Amino acid sequence: MTTHDTAEIDKHVRTYILVFVGLMALTLVTVAVSYLDLSIAAGVGLALLIAAVKGSLVACFFMHLINERKLILAVLLFTVLFFLAVLLLPVLTQSNAVEI
Amino acid sequence: MGENHETTHSEEHHHQELGFWRTYVFSVDHKVIGIQYAVTGLSFLFFGFCLMLLMRWQLAYPGEPFPLIGKLLGDSRMPGGIMLPEFYNQLGAMHGTIMVFLGVVPLAVGGFGNFVLPLQIGAPDMAFPRLNMASYWSYFLGGVVMFLSFFVPGGAAQSGWTSYPPLSVIAESGQTVWLLGMVFLITSSLLGSVNFIVTVIQLRVEGLTFMRLPFFVWSQFVTAFLLLLAFPPLEAAAFMQLMDRVANTSFFMPAGLVVSGQLVEVSGGGSPLLWQHLFWFLAHPEVYVLILPALGIVAEVIANNTRKPLWGYKSMVYSVLFLAFMSFIVWAHHMFLTGMGTVMSAFFQTTTMIISIPSVVIITALLLSLWGGSIRFNTPMLFALAFLPMFGIGGLTGLPLGLAAADIHLHDTYYVIGHFHYVVAPGTIFALFAGIYYWYPKATGRKMSEFLGKLHFWPSLLFMNGIFLPMFIQGLAGVQRRLFDGGVSYAHAEPVLFLNKVMTHSAWGLAIAQLPFVINFFLSLKRGEKVGSNPWQATTIEWLAPSPPPHGNFANVPVAYRTPYEYSVPGQASDYHPQFEPDRRVAGPPDPGEPEAAPATA
Amino acid sequence: MSEAIPYTVDIRPDTGLNNVKLGMWLFLASEVMLFGALFAGYILLRVGSEDWPAGNSILNVPLATLNTIVLITSSVTMVMSWASLLRKSFDKYRLYMGATVLLVVVFLVIKTIEYSAKFDHHLYPSTSTFLAIYFTLTALHGLHVIGGMAVNAYLWGPGAKMWRSAPEQFTNRVEAAGLFWHFVDLVWIFLFPVLYLL
């Protein structure tokens, strides 16, 4: 790692604390929402949305993806595409099954 | 040129302190690990070949005792020398597993990749040498586990190399050992692929931009990405199957399954198709893992022996990238008969047809590279030239399998066996032989015998076709694969049954044709013609290092001055202009070229 | 030998990376695919099932919420330990890294309580497909937690000697271990709602 000046690191640390508070709040929100009487679609959608926000916070700030090199972002972009393929194509195939 | 680069390696003195074990067995040197991979891979190829010889005898002479060694294999396998169906199934499953995961891939990626790739990019070693050693030993352990599975009660895995549930879940204990072996092999591949990618991206020497990489490096780089991203789903599936077998879960077990008249005691609710999806998510890219390194080797050998630049280098590179990307979304063409509807089968047919385009581009470029060349017909070149039509047959016979309507007739017949064996056996394995003959002088400092090489090549070519061409005829006639009697009990197989004997005798012929290779391989270690660092007058950077290269590879850090295949450049004194030599025409200090921030794509 | 290999510590100018960081990200990419396939299995099995139980009717949501908080906190202490090294304050590093390891132990203890409660009620992986996927996913995640704990404990204890001989390389190692640890946290952030709340 290149040398960081102290002011910059202090700024980073403040960000970490803010992200931490955000993650805690979202954890409580997602648990609270699960006790509401939402429809299945709304409940699943909301829970996954909150998880996605939390996940992005961790990836962007703790893992510093927000200012990471293009090379790593490119690798991750392809990984995400293939991740979606393995997630969606089997389900699509299943739902398109021939009725017997 | 040496004056320009005074950076010498300081580690020469302390490597001599390493003892025998650290130098030859637990070595972290990429060249030793590459040779370890290659020798182990060749041994497993031979072992897998022997399993096939046993099967072929049974197919040609079903129910007849196996001569000579039949009785030695024991009553649980061959009572009185006559093969039991269960043992035939074990041989089939293990032949596939061993050839793919323990033979071809370790030789092509672990062997050639480890030995040649760092040399071609001018690196002193791989990026993570200790990880490299761990990768080899994990592979080795996986191999030992797979081999020992023949001796557990009930014998080795019997569910085919695809291990489809529910049969694989209710199979004997050999299947559990198979799954454990696969976990070791997958771990090895993952460690290896991370290492390869980092090495290519980070350790290229000055001036070696991405578009100056030899095509072999490209093929290994892309292969590593395929291994990295396609293997983990199979690992997940292997864990789930392990849970199904050991913890009695039902990931792949549907409710109400009846086996031998008895209801299977599981909670149910699982999906056998889930396994097929996850398995083929790996296994289709795995096809390209088998073929891409072979294409890389063939490209090197053809460029060198036609004494011409590769025709369409850039289109080959972009094709290989596109091919790798597409290979992740074609897998369900292996599953047309699983009750898939028309929408999804149309999708997978389309992607399958699209992926054939880049393959054809690459093969066409290699073919056009021959045009107008003054070709040297040495042994590596003969194998590389034979690769082109053999791979062509394998590829073109795959097209009908990718179309759902044709696949209904051809699925699970000998046609499929013929198709993929043409790709892998006279295709990939011929390319690997070309690679062995081509880089043997670099690894040992001696050339292999040309006479024995040709004695190896011509009979091999003949017998390979003698084995696999009849399979298409049998398959079109409707003979199913995995029949332990070769189809004797089916009336529709009767007219093509005589071909079983043709194939079996060809297989024995092929075995005998490998003798010159084995003799050549060992004899040339001592008796081969001694060569210098660049016996083929080649242009890529590995030929700058001494043969065999010392620890650390290069005396001075090389610099890449130009594209990889500058053969027969007009106005040059010799017909080759190596990447590592500065420009001869221009006086003054060499221009190393800008190392660009090149995009790395999967 | 390894010191002869370029860019183990320094950054290669054209890629802007050193080997360790690139290697760790590639490894994480493969981990994404590993968990991705398991999530794919979850979706396929759930879509194909006739009645899928609500997670909170079988599993203990308060305990899992507590575990989520513990794991997120450990991620923060991890990133703080790395920031302390950048500030050259080794004592703070020791403190934060120690806290990380302790929090991991708390996570594992809670996980053990959860598992044994399930076994006491005769709920096993073989009981239903839901429990099968619950045990498989959390066990695989747990293995990652244990692996990460081992690395962190090493970097806290014997591995920390490197701070004196090669501070830059040591900071890189902590950064790479941190990347892995945040990934483990990230997986849990998705596991928690998917298994317990839906």
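The second largest cavity encloses about 70 Å³ of space; here a cavity is a set of points on a 1 Å grid over the protein atoms alone where a 1.4 Å probe fits but cannot get out, and lining residues have an atom within 4 Å of a point. The structure is a predicted model, in which local features need pLDDT of at least 70 and side-chain atom pairs count only at pLDDT 80 or more, while totals for chains, interfaces and linings use all residues. Residues are numbered from 1 along each chain as its sequence is written, chains are lettered from A and ligands numbered from 1 in the order in which they are written, and side-chain values use heavy atoms, with hydrogens and water left out.

Two chains meet around this second largest cavity: its lining includes A:Phe62, A:Met63 and A:His64 as well as C:Trp82 and C:His182. Helix 7 of chain C gives the largest share of that lining, five residues (helices are DSSP runs of H or I, at least four residues, numbered from the N terminus). By class, the lining has seven nonpolar, three polar and one charged residues, where Ala, Val, Leu, Ile, Met, Phe, Trp, Tyr, Cys and Pro count as nonpolar, Asp, Glu, Lys and Arg as charged, and the others, Gly among them, as polar.

The largest cavity has a volume of about 190 Å³, a volume being the space filled by probe spheres set on grid points that are joined across faces, edges and corners. Its lining counts 19 residues, and B:Tyr37, B:Val105, B:Pro106, B:Ser188 and B:Ser189 are the closest to its centre.

Turning to open space, the second largest pocket holds about 1700 Å³; a pocket is an open set of points with protein on both sides within 12 Å along at least five of seven lines. Of its 43 lining residues, those nearest the centre are B:Leu131, B:Leu191, C:Met24, C:Phe27 and C:Val151. Helix 5 of chain C supplies the largest share, nine residues.

Chains B and C also touch directly, with 47 residues from chain B and 35 residues from chain C in contact (heavy atoms within 4.5 Å). One salt bridge is found across this interface, meaning a side-chain nitrogen of Lys or Arg within 4 Å of a carboxyl oxygen of Asp or Glu. It joins the side chains of C:Asp14 and B:Arg204, at 3.9 Å from N to O. On the side of chain C that touches chain B, helix 1 of chain C gives the most, with 15 residues.

Note on methods:
Helix = DSSP H or I, 4+ residues; strand = E, 2+ residues; numbered from the N terminus.
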